[in-house]
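Trainee: I would like a close look at one buried spot in this model and at the parts around it. Please start with a single residue and its contacts, then work outward.

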Amino acid sequence: MTDTAPPSLCDRAPHVPADRLVAEMVPPPRFDSVRFDTYIPDPNQPSQTEAVRVLERFAAGLGGAHAVGGGKRGFLGLGSAFGKGKAAKAPAGPRGVYLDGGYGVGKTHLLASLWHATPAEPSLKAFGTFVELTNLVGALGFQQTVQTLSGHRLLCIDEFELDDPGDTVLVSTLLGKLVDAGVALAATSNTLPGKLGEGRFAAVDFLREIQGLAAQFRPLRIDGEDYRHRGLPEAPAPFTDDEVRAAAYATEGASLDDFPSLLAHLAKVHPSRYGALTDGLKAVCLTDVQPVPDQSTALRLVVLADRLYDREVPVLASGLPFDRLFSEEMLNGGYRKKYFRAISRLTALARDAKGLVG
């Protein structure tokens, strides 16, 4: 136990320069060492084994010279993975693979493995979440983002979701230009590409853009249960405020915040900076966890949960358990898959934090 008060996330207001956003477009620390051979398919889910096979062939097909204008020449041999072992000969076709499946089936593991397996220098490969990609456009501007990414061999987009019409038009145009420049695409999502935006906004009004996005990808379904809870004990019940505070003081590198105050602070920090908000932390300790009051706050919390999970930062909390953060209306609405992913990840981080107490 130390008398020095733990740092508070509410005291942090990080500035993230644009060049850092570009440099950090690599798999997050949790996925530094993952590879296809470290992915353990569920023997009851043959689609998981098939996904590894397809993506290994996809990675091998990305070797050689950069495929400038490749969008008009087919899908870099992906036909050999999806078809009967013959190279793709079609004059046109998707230049992306789209991993569709529920939360916790290992999609990000596979996407990061694809990034690692692609035979190109790290500077020619980019990996980021959908939110990070749109944030990059906001930081660099559209034309500079196209110029920055158009020389890449591969762009991996994790958690691909369209939340508003602006994102739909922006990303549709961006990916179209990158495909024309010869960039191969890979993405993960809980929603089929043709269903993006459904339940979030009047997607029918942007059907052309959504269909254009869907045309860039060839879906690859991955079935299975959430591996984070497969065969593992239930997440620990929340601790008391005193236990959380004591653990925060006793744990080097732990932060300590009141949950409602943290939610209010997140509204003042752009989501592109949530990763930097957690720089250097070994644990996050939260007291008085309460239901999230509204959808805007809930979506910000989802982004923070993703960044904490990527960085393997345990979360110790008092108050309500994490599976009661979001209202029934939220869990039944258009963003339900985001919320279930956040619950899944925060539950895993709460399990990781159990050893901080006592």
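Mentor: Start at isoleucine 157. Leaving aside neighbours within four places in sequence, isoleucine 157 is in contact with Leu111, Gly128, Thr129, Phe130, Leu133, Leu175, Ala186, Ala187 and Thr188. The model is a predicted one, and everything that follows should be read with that in mind. Isoleucine 157 sits in strand β3. Its relative accessibility is 1%, and isoleucine 157 therefore counts as buried, the cut-off being under 20%. One of its partners is alanine 187, 30 residues away along the chain, and the C-alpha atoms of isoleucine 157 and alanine 187 are separated by 4.5 Å.

Two other residues in this stretch deserve a note. Cysteine 156 is also buried, with a relative accessible area of 1%. Glutamate 159 lies in the loop between β3 (154–158) and α7 (165–180). Glutamate 159 has a positive phi of about 60°, although it is not a glycine. With a relative accessible area of 10%, glutamate 159 is buried as well.

From the contact list, go to helix α5. Two of the partners of isoleucine 157 are Phe130 and Leu133, and both are among the buried residues of α5 (residues 130–140). The buried set of α5 is Phe130, Leu133, Thr134, Asn135, Leu136 and Val137. As background, an α-helix has 3.6 residues a turn, so residues three or four places apart point the same way. Just after α5, glycine 141 takes a positive phi of about 90°.

Another partner of isoleucine 157 is Leu111, and helix α4 covers residues 107–117. What does α4 pack against? Helix α2 (residues 46–60) packs with α4 at an angle of about 30°, and their axes are 9 Å apart. Angles under 35 degrees count as roughly parallel, and α2 and α4 are therefore roughly parallel to each other. The crossing of α2 past α4 is right-handed. On the α2 side the contact is made by Ala51, Val52, Leu55, Phe58 and Ala59, and on the α4 side by Leu110, Leu114 and Ala117. By class, the residues of this contact divide into eight nonpolar, no polar and no charged.

For contrast, turn to helix α12 (residues 295–310) and the two helices it meets here. The axes of α12 and helix α14 (residues 336–353) come within 9 Å and cross at roughly 45°. At that angle α12 and α14 are therefore oblique to each other. The crossing of α12 past α14 is left-handed. On the α12 side the residues in contact include Ala298, Leu299, Val302 and Ala305, together with Asp306 and Asp310. Facing them, α14 brings residues including Tyr339, Ala342, Leu346 and Leu349, along with Lys338, Arg341 and Arg345. This contact has 11 nonpolar, one polar and five charged residues.

Helix α10 (residues 259–266) is the other helix to look at: the axes of α10 and α12 come within 10 Å and cross at roughly 95°. An angle in the range 65 to 115 counts as roughly perpendicular, and α10 and α12 are therefore described that way. Phe259, Leu262, Leu263 and Leu266 in α10 meet Thr297, Arg300, Leu301 and Leu304 in α12. The classes here are six nonpolar, one polar and one charged.

The end of α14 leads to a loop contact. Proline 236 is in the loop between β5 (217–221) and α9 (241–250). Not counting residues up to four places away in sequence, proline 236 touches Ala350, Arg351 and Lys354. Proline 236 and arginine 351 are 115 residues apart along the chain, yet their C-alpha atoms are separated by 6.1 Å.

Aspartate 288 can be set beside glutamate 159. Aspartate 288, not a glycine either, has a positive phi of about 60°. Aspartate 288 is in strand β7 (residues 283–289) and is partly exposed, with a relative accessible area of 30%.

Last, the chain as a whole. The protein chain has 14 helices and eight strands. Buried residues make up 52% of its 358 residues. Of the contacts between residues at least 6 apart in sequence, 84% join residues at least 24 apart, and the pair of isoleucine 157 and alanine 187, at 30 residues apart, is a case of that separation. The count of disulfides is zero, taking a pair of cysteine sulfur atoms within 2.5 Å as the rule. Unlike the buried cysteine 156, cysteine 10 is partly exposed, at 24% relative accessible area.

How values were computed. Residues are numbered from 1 along each chain as its sequence is written. This is a predicted model: local features need pLDDT of at least 70, side-chain atom pairs count only at pLDDT 80 or more; totals for chains, interfaces and linings use all residues. Side-chain values use heavy atoms; hydrogens and water are left out. Axes are lines fitted to C-alpha atoms, for helices over the stretch in contact, and angles run from 0 to 180 degrees between N-to-C directions. Helices (H or I, at least four residues) and strands (E, at least two) are DSSP runs, numbered from the N terminus. Angles under 35 degrees count as roughly parallel, over 145 as roughly antiparallel, 65 to 115 as roughly perpendicular and the rest as oblique. A crossing is left-handed if the near helix is turned anticlockwise from the far one by less than a right angle, and right-handed if clockwise. Contact means heavy atoms within 4.5 Å. Ala, Val, Leu, Ile, Met, Phe, Trp, Tyr, Cys and Pro count as nonpolar, Asp, Glu, Lys and Arg as charged, and the others, Gly among them, as polar. Buried means under 20% relative accessible area, exposed over 50%, partly exposed in between (1.4 Å probe, protein chains only).
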